[in-house]
Amino acid sequence: MSSPNSAYVARDLAHVWHPCTQMKDHERLPPIPIRCGQGAWLEDYSGQRYLDAISSWWVNLFGHANARINAAVRAQLEQLEQVILAGFTHEPVIALSEALSAIAPAGLTRCFYADNGSSAVEVAVKMSFHYWRNVGRTAKRRFLTLSNSYHGETLGALAVGDVDLYKEIYRPLLMDVITVPSPDCYAREPGESWAQHSRRRFAHMEAALAGHAHEACAVIVEPLVQAAGGMRMYDPVYLTLLREACDRHQVHLIADEIAVGFGRTGTMFACEQAGIRPDFMCLSKGLTGGYLPLSTVMTTEAVYEAFYDEYLKLKAFLHSHSFTGNPLACAAACASLAIFRDDHVLEGNRALAARLGERARALEDHPHVAEVRQRGMIVAIELAADKMSREPYPWQERRGLRIYRHALTRGVLLRPIDNVVYFMPPYVITPAEIDLMVEVAREGIERATCE
Ligand SMILES: *Cc1c(COP(=O)(O)O)cnc(C)c1O
């Protein structure tokens with residue numbers, strides 16, 4: 001094996017420790033060194049191309065090497081690459097904050113920056129806790145979360161999430177949270193609609209809020225799609241009910257839109273589909289069009305005001321990261337938002353989503369496909385050992401990995417989560433590329449389920 005890739009692989013394996021990876025797996029399947037990207041495609045050093053069906057871990061919106069975002073980052077690079085955001089400011093962060101405030105659910109007018117999704121979750125958690133302290137409600141120090149939710153990997157974010165694969169080992173290090181059964185509609189009864197199921201499941205949340213409101217700072221949710229939890233989906237009515245109940249019980253609502261924000265679910269933000277405004281909205285991933293690390297927590301004037309006082313009162317939010325609000329990242333984000341405006345992206349995505357859903361639903365008849373579900377530009381195919389009972393394949397069989405390997409040989413980057421094959425492509429994907437992506441997934445599913 002001496003493809004032009006192999007020299008990079010050898011150097012990589014000598015020093016790089018890859019994220020979310022059992023490094024021993026690379027004995028059989030080496031990492032793929034990517035030389036360049038263009039649109040929805042990645043290309044390695046041997047010239048093999050891969051259709052990026054997962055938007056490079058859900059971040060890319062408008063393709064790799066996008067001309068407009070490139071130009072914006074390049075122009076910013078000639079001006080200012082980085083400056084401290086405490087005591088100083090710069091045009092890209094001002095413009096981005098204005099643009100975000102204009103498109104976010106009405107009332108979210110304050111932007112606090114960090115540089116990755118997990119850090120944004122940490123910010124929201126700390127800010128909510130600190131808010132209640134500042135207004136004298138010192139008993140409030142706990143958080144409510146949904147089963148199977150994911151909010152990141154740093155200790156606070158891991159604590160408010162519920163994916164055992166990532167969380168279990170670290171449990172002794174984590175704060176104690178109140179975990180409420182999820183409204184995930186994969187679990188709905190035969191004949192039950194998504195809305196009926198999500199509404200019924202809300203009873204658990206209502207009970208938890210009634211029991212814990214006195215000690216609860218906030219409920220944190222991934223609106224509409226529990227992404228890392230296997231692209232499990234639920235009905236917007238749950239969020240509508242949750243908003244009302246949080247208000248009634250005086251508990252904050254944190255919407256983690258890190259995966260679902262920026263058009264993924266069909267609307268700019270998933271919360272819009274429920275007509276709600278959270279108290280905190282966490283954004284990252286698609287924020288910069290997938291170019292550079294950046295995140296923000298958007299909140300209300302009411303929250304902001306609770307921190308606004310004389311310095312000596314010690315009410316200020318004294319949280320920071322070195323690269324908070326980096327100018328290059330903010331310039332990329334502004335360019336990405338301009339593309340949304342100028343190219344009517346959400347309208348264009350409707351046709352792409354319809355095509356994607358239609359092609360994927362053709363797999364519903366497969367004997368090991370238990371469900372094909374969709375919310376906008378996210379489509380998931382859930383495999384099961386037994387289609388009727390929905391008995392999953394044991395995770396030890398790693399069926400998804402077989403699909404991943406097959407897809408790579410066919411020039412498509414799929415990355416199933418356990419038994420769930422999903423598509424979350426960049427918005428520049430073409431109908432023909434959608435067809436290819438789904439066809440390769442079909443082949444992979446055939447091969448992974450044949451024995
Ligand atoms: C990816 C993700 C995070 C964590 O973001 P990182 O940038 O990977 O730290 C948090 N919440 C959700 C919903 C995510 O999908």
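This is a short talk about a ligand site, a pocket, a cavity and an aromatic pair in one protein model.

Hi everyone, thanks for coming. Before we start, please keep in mind that this is a predicted model.

Let's begin with the ligand. Which residues surround the ligand? Going along the chain, we meet W58, then N116, G117 and S118, then Y150, H151 and G152. After those come E222, D256, I258, A259 and K285. If you sort that shell by class, you get 4 nonpolar, 5 polar and 3 charged residues.

Now for the polar contacts. The side chain of S118 places a polar atom 2.6 Å from an oxygen atom of the ligand. Next door, G117 uses its backbone: a polar atom there is 2.8 Å from a ligand oxygen. On the nitrogen side, D256 has a side-chain N or O atom 2.6 Å from a nitrogen atom of the ligand. And how much of the ligand does the protein bury? Taken alone, the ligand exposes 380 Å², and the protein buries 83% of that.

Let's move on to empty space. Rolling a probe the size of a water molecule over the atoms shows where such space is left. The second largest pocket has a volume of about 450 Å³. Its lining has 14 residues, and those nearest the centre are R110, F112, M127, Y304 and F317. Strands β4 (110-114) and β12 (295-299), together with helix α10 (301-307), are the elements that each give two or more residues to this lining. By class, the lining of this pocket has 11 nonpolar, 2 polar and 1 charged residues.

There is also 1 cavity of 30 Å³ or more, and the largest cavity holds about 30 Å³ of space. Among the residues that line the cavity are Y150, H151 and G152, names you will remember from the ligand shell. The lining also includes L158, D162 and Y166. Helices α6 (155-159) and α7 (164-167) each supply two or more of the lining residues. The classes here come to 5 nonpolar, 4 polar and 2 charged.

Last stop: aromatic rings. The model has 13 aromatic pairs. One of them is Y8 with Y45, a stacked pair at 4.0 Å centre to centre, with 25° between the planes. Why does this pair tie together parts that are 37 residues apart in sequence? Because Y8 lies in helix α1 (residues 6-15), while Y45 lies in the loop between β2 (41-44) and β3 (49-52).

That's my tour. Thanks for listening!

Key: Residues numbered from 1 in each chain as written. Predicted model: local features only at pLDDT ≥ 70, side-chain atom pairs only at ≥ 80, totals over all residues. Heavy atoms only, no water. Near = heavy atom within 4 Å. Polar contact = N/O pair within 3.5 Å; in protein donor to acceptor, adjacent residues only side chain to side chain. Areas by Shrake-Rupley, 256 points an atom, 1.4 Å probe, with all protein chains shown as cover. Nonpolar A, V, L, I, M, F, W, Y, C, P; charged D, E, K, R; others polar. 1 Å grid on protein atoms, 1.4 Å probe; cavity = no way out; pocket = protein on both sides within 12 Å on 5 of 7 lines; lining within 4 Å. Points joined across faces, edges and corners; volume = space filled by probe spheres on them. Helix = DSSP H or I, 4+ residues; strand = E, 2+ residues; numbered from the N terminus. Phe/Tyr/Trp six-rings, centres within 6.5 Å; stacked < 30°, edge-to-face > 60°.
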